[in-house]
Amino acid sequence: MAIESAACPNCGASLQVDDRLEKGICEHCDSLIIIDDAIQKFKIDVTGKVEMVGIGSAENDITYGNECIIAEDWKRAYDAYIKAICKQVNNHEAWLGCLKVYTKNLTEINENQIEVKGIYGIISVVKNSIKYAPSSLKNSISDMILSFIKSIEEKENQVYYAKLQEIEYKLKNNKKKTWIPITVAILSIILGAILIVEGSTGFGIPLLIISIAAMFNAAKAKTDKEELQETSLKRNDRLLDLLNYMRNTVNDINDK
């Protein structure tokens, strides 16, 4: 006879039941109870967890997800953590696991591939990783996330300024290279005009057309470089905005 702790689904009283039986009678309210239901109610009341036969616990899913993280199997790790959340939504380890998947174990982040909002968006994941953590762990988890955000910001700023210096160097060289063909083109236009006025249209007109085309191409090359600079700046700002959003989320949770 295997005795299990249980709770009556009808009156909520604590019971001791034989888990080999299918049904029983509550000794407090005399109602008919399903043994498995009474055992599950006790687990929910006492631990806040549901362990269903054949499905496994949230802890098992988290353990599997952690193993997948070590193996860098991000897809399976994510699926395992989501299963754990579905079974126990207030499990901070499952939410923190999702954050590790999104950030490749807190090493990088791709702002173009991450869902920001929504139940499983990175902002919700950051918030719940701290919100559901035990009081003794809230500060350490917050510090870990803030440290990650700072490291990515520093890394991205280094990349940003390196790109900016490279672009400025190219623009500077391009400016030098651009004014030479533009100057030559202007002189050629003047020469072509003089030849046309003097009656040498056979040489003047082709020279004039070629010179004008060369001048426009040189001016366009300068514009292309400036557009490249603007695009690079925009792409960097998008990531920094996401990181700032994450930091504000951490600070908001800690202020509550």
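Two strands pair if DSSP finds at least two bridges between them. Keep that idea at hand for the first exercise. The structure above is a predicted model, and the exercises below take you through it piece by piece.

**Exercise 1. The hairpin**

Find how strand 1 and strand 2 pair, and name bridge partners for Ser5 and Ile3.

*Solution.*
- Step 1: Locate the strands. Strand 1 covers residues 3–7 and strand 2 covers residues 14–18.
- Step 2: Look at the pairing. The two strands run in the antiparallel sense, joined over five bridges.
- Step 3: Pick out partners. Opposite Ser5 you find Gln16 of strand 2, while Ile3 has Asp18 in strand 2 as its bridge partner.
- Step 4: Follow the chain between the strands. Six residues lie between them in this hairpin, and Gly12 takes a positive phi near 85°.

**Exercise 2. The overall plan**

How many helices and strands does the protein have, and which pattern does it follow along the sequence?

*Solution.*
- Step 1: Count the elements. There are seven helices and four strands.
- Step 2: Read along the sequence. The pattern is β-β-β-β-α-α-α-α-α-α-α.
- Step 3: Check burial across the chain. Of its 256 residues, 33% count as buried.
- Step 4: Turn to contacts between residues at least 6 apart in sequence. Of these, 53% join residues at least 24 apart.

**Exercise 3. Two helix pairs**

Decide for each pair whether the helices are oblique or roughly antiparallel: helix 2 with helix 3, and helix 4 with helix 5.

*Solution.*
- Step 1: Take helix 2 (residues 58–70) and helix 3 (residues 74–87). Their axes are 8 Å apart and the packing angle is about 165°.
- Step 2: Apply the cut-off. Angles over 145 degrees count as roughly antiparallel, so helix 2 and helix 3 are roughly antiparallel to each other.
- Step 3: Add the handedness and the residues. Helix 2 and helix 3 make a left-handed crossing. Among the residues that meet are Ala58, Asp61 and Ile62 in helix 2, and Trp74, Arg76 and Ala77 in helix 3. By class, this contact holds 10 nonpolar, two polar and four charged residues.
- Step 4: Take helix 4 (residues 92–102) and helix 5 (residues 122–131). Their axes come within 8 Å and cross at roughly 140°.
- Step 5: Draw the conclusion. Helix 4 and helix 5 are therefore oblique to each other. Their crossing is left-handed.
- Step 6: List the contact. His92, Trp95, Leu96, Cys98, Leu99 and Tyr102 of helix 4 meet Ile122, Ser124, Val125, Val126, Asn128 and Ser129 of helix 5. These residues divide into eight nonpolar, four polar and no charged.

**Exercise 4. Inside helix 5**

Why can helix 5 be called largely enclosed by the rest of the structure?

*Solution.*
- Step 1: Recall the cut-off. Buried means under 20% relative accessible area.
- Step 2: Name the buried residues. In helix 5 they are Ile122, Ile123, Ser124, Val125, Val126, Asn128, Ser129 and Ile130.
- Step 3: Conclude. Eight of the 10 residues of helix 5 are buried, so helix 5 is largely enclosed by the rest of the structure.

**Exercise 5. Three residues to place**

For Gly24, Glu72 and Ser142, decide: buried or exposed?

*Solution.*
- Step 1: Start with Gly24, which sits in strand 3 (residues 23–25). Gly24 has a relative accessible area of 18%, so Gly24 is buried. Leaving aside neighbours within four places in sequence, Gly24 is in contact with Ser31, Leu32, Ile33 and Ile35. Gly24 and Ile34 are 10 residues apart in sequence, with 6.5 Å from C-alpha to C-alpha.
- Step 2: Move to Glu72, in the loop between helix 2 and helix 3. With a relative accessible area of 56%, Glu72 is exposed. From Glu72 to Asn105 is 33 residues in sequence and 8.6 Å in space, C-alpha to C-alpha.
- Step 3: Finish with Ser142, placed in helix 6 (residues 135–197). Ser142 has a relative accessible area of 2%, so Ser142 is buried. Not counting residues up to four places away in sequence, Ser142 touches Ile130, Val250 and Asn254.

Terms used
Residues numbered from 1 in each chain as written. Predicted model: local features only at pLDDT ≥ 70, side-chain atom pairs only at ≥ 80, totals over all residues. Heavy atoms only, no water. Axes fitted to C-alpha atoms, helices over the stretch in contact; angles between N-to-C directions. Parallel < 35°, antiparallel > 145°, perpendicular 65-115°, else oblique. Left-handed = near helix turned anticlockwise from the far one by under 90°. Contact = heavy atoms within 4.5 Å. Nonpolar A, V, L, I, M, F, W, Y, C, P; charged D, E, K, R; others polar. Buried < 20%, exposed > 50% of the residue type's maximum accessible area, 1.4 Å probe, protein only.
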